[in-house]
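Please consider the following model from its overall dimensions down to individual residues.

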Amino acid sequence: MMMTVQGRKPAISRAGWTFGRGHLPFPRDRELMWSVISDILDNHGGSVLVLAHHNADIDAVATSLILKWAFPWVRLGAFRSISQAGKKLLSYFGEEMEIDPSLDGVSLMIIIDSSSPMQVLEGDTSEWPRYHVIDHHPDHSHWGDGAYVDDSMGACVEIALQMAMLTNSPLTDDMAVTAIAGIIADTGKYRFARPVDLEVTSFLLSGSGISMEDVMLVIEGEEYFDASKKIAQLKAMRRLRFRKVADQVVAASRVNSFEAAACRVLLVAGADVAFVAAEKKDEIRVSARAKPHILRLGVHLGHFMERIGSATGNQGGGHDGAAGLNGSGDPDRVLMLCMEEMDALLREKMGIPPESGRSRSGRGSRKRENRR
Ligand SMILES: [Mn+2]
């Protein structure tokens with residue numbers, strides 16, 4: 001473990017806990033939260049299982065870790081699997097979660113970050129060991145009354161943090177790294193964060209010796225990507241071609257795999273719309289991604305790729321900002337078509353006439369895209 005384990009105590013007021021300018025509000029329902037906590041305390045000698053959902057994500061793992069550090073006698077488990085990112089966070093702290101843990105002898109379960117029973121266990125809830133639910137998802141009607149749900153929190157780990165503070169646990173650097181990782185993961189790197197998520201982040205940074213860089217290293221450090229993904233992303237950059245449509249950039253590239261990841265890299269590098277094709281044996285796959293301002297123009301990539309699909313004898317479709325195509329054919333020709341059609345669509349949506357005087361030849365030929 002790299003971080004220090006010595007913890008600090010925040011200042012407490014009626015509104016919650018503070019470190020510097022950071023603020024962790026008091027739980028939405030203190031009595032309900034305390035009843036969960038006292039059940040965990042009462043089961044000190046029993047067997048308490050903290051259970052996370054299928055393919056446990058960073059927030060679920062972070063919530064489990066905070067609860068483990070606050071209540072060291074609990075066991076950690078996940079239904080069916082743990083996500084790659086979740087495993088990375090666990091291994092950073094040398095901790096483990098049991099996959100499909102045995103329920104023999106379990107006297108109490110704390111189900112976390114899950115909005116319905118089928119995400120965490122099979123069978124009827126009436127046959128499960130006794131349980132409490134801690135969650136932040138807005139739709140939790142599947143659990144019925146008694147679940148502790150606070151959908152004002154961007155991440156479940158913020159609720160776990162309140163539980164730790166309510167039992168007077170000091171804040172350690174490990175807790176701060178873990179909790180910020182959970183918040184980052186569940187707010188789309190703060191893209192969808194609300195003020196409270198930023199206040200809690202500030203609380204964690206002010207109350208610990210860690211920096212944002214420490215957290216980023218844990219969740220996207222150099223070991224985060226496996227080698228073939230890194231190579232695919234770099235190759236996508238090397239094979240990049242792009243064209244400018246007014247002030248927008250449409251980019252395309254080819255890889256052997258990880259086409260969706262490569263698409264995201266092109267967007268980060270500056271493209272507004274990206275297409276990346278992968279060819280495997282006789283099969284091709286094309287991923288398409290667009291930034292939100294492109295969608296606001298009225299572009300729907302799912303419909304767009306459906307159109308490209310039928311024009312090339314393939315299957316295309318998807319969401320407005322993330323779509324794809326599967327089938328066969330020459331990937332370069334499909335990419336070329338994607339770029340030309342997107343060029344035309346963007347011009348239409350932006351009200352720019354086709355070829356808007358950019359073509360130097362004057363014979364209506366499209367401007368050649370940059371290539372290398
Ligand atoms: Mn979550």
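The paragraphs below treat the overall architecture, a sheet with its packing helix, the nonpolar cores and one buried arginine.

The structure is a predicted model. Its C-alpha atoms fill a box of roughly 80 × 45 × 35 Å along the principal axes. The protein contains twelve helices and 16 strands, and 42% of its 372 residues are buried. The domain assignment divides the protein into domain 1, covering 11-220, and domain 2, covering 227-371. The centres of domain 1 and domain 2, taken over C-alpha atoms, are separated by 39 Å. Of the contacts between residues at least 6 apart in sequence, 63% join residues at least 24 apart.

An open sheet of three strands, in the order β1-β2-β3, offers a convenient place to begin, and its pairing is antiparallel. In general, strands of a sheet pair through backbone hydrogen bonds, either parallel or antiparallel. Here the edges are formed by β1 (11-13) and β3 (22-25), each of which pairs on one side only. From one strand to the next, the twist averages 25 degrees. Strand β2 (residues 16-19) is joined to β3 by four bridges; F19 has G22 of β3 as its bridge partner. Helix α6 (residues 195-206) packs on this sheet and touches β2 and β3, with its direction at about 120 degrees to that of β3.

The discussion now turns to the interior. In soluble globular proteins, nonpolar side chains tend to be buried together. The largest nonpolar core in this model has 72 residues, and those with the most contacts inside it are V61, I66, I110, A179 and A181. Another core lies apart from it and has 40 residues, including V255, A277, M305 and A323. Within the largest core, I110 merits closer inspection. Leaving aside residues up to four places away in sequence, I110 touches I40, V48, V50, L51, L67, H132 and I134.

Is R254, a residue of strand β11 (residues 248-255), buried or exposed? R254 is buried, because 22 other C-beta atoms lie within 10 Å, and the threshold for burial is 20 or more. Apart from residues up to four places away in sequence, R254 touches R239, V276, A277 and P331. One of these contacts, A277, is also among the residues of the 40-residue core. The C-alpha atoms of R254 and T167 are 54 Å apart, while the two residues are 87 residues apart along the chain.

Terms used: Residues are numbered from 1 along each chain as its sequence is written. This is a predicted model: local features need pLDDT of at least 70, side-chain atom pairs count only at pLDDT 80 or more; totals for chains, interfaces and linings use all residues. A nonpolar core is a set of buried Ala, Val, Leu, Ile, Met, Phe, Trp, Tyr and Cys residues joined through C-beta atoms within 7 Å. A residue is buried if 20 or more other C-beta atoms lie within 10 Å of its own, exposed if 12 or fewer, and partly exposed in between; C-beta atoms are placed from the backbone. Two residues are in contact if their C-beta atoms, placed from the backbone, lie within 7 Å. Helices (H or I, at least four residues) and strands (E, at least two) are DSSP runs, numbered from the N terminus. Domain bounds come from an automatic or database domain assignment. Two strands pair if DSSP finds at least two bridges between them. Axes are lines fitted to C-alpha atoms, for helices over the stretch in contact, and angles run from 0 to 180 degrees between N-to-C directions.
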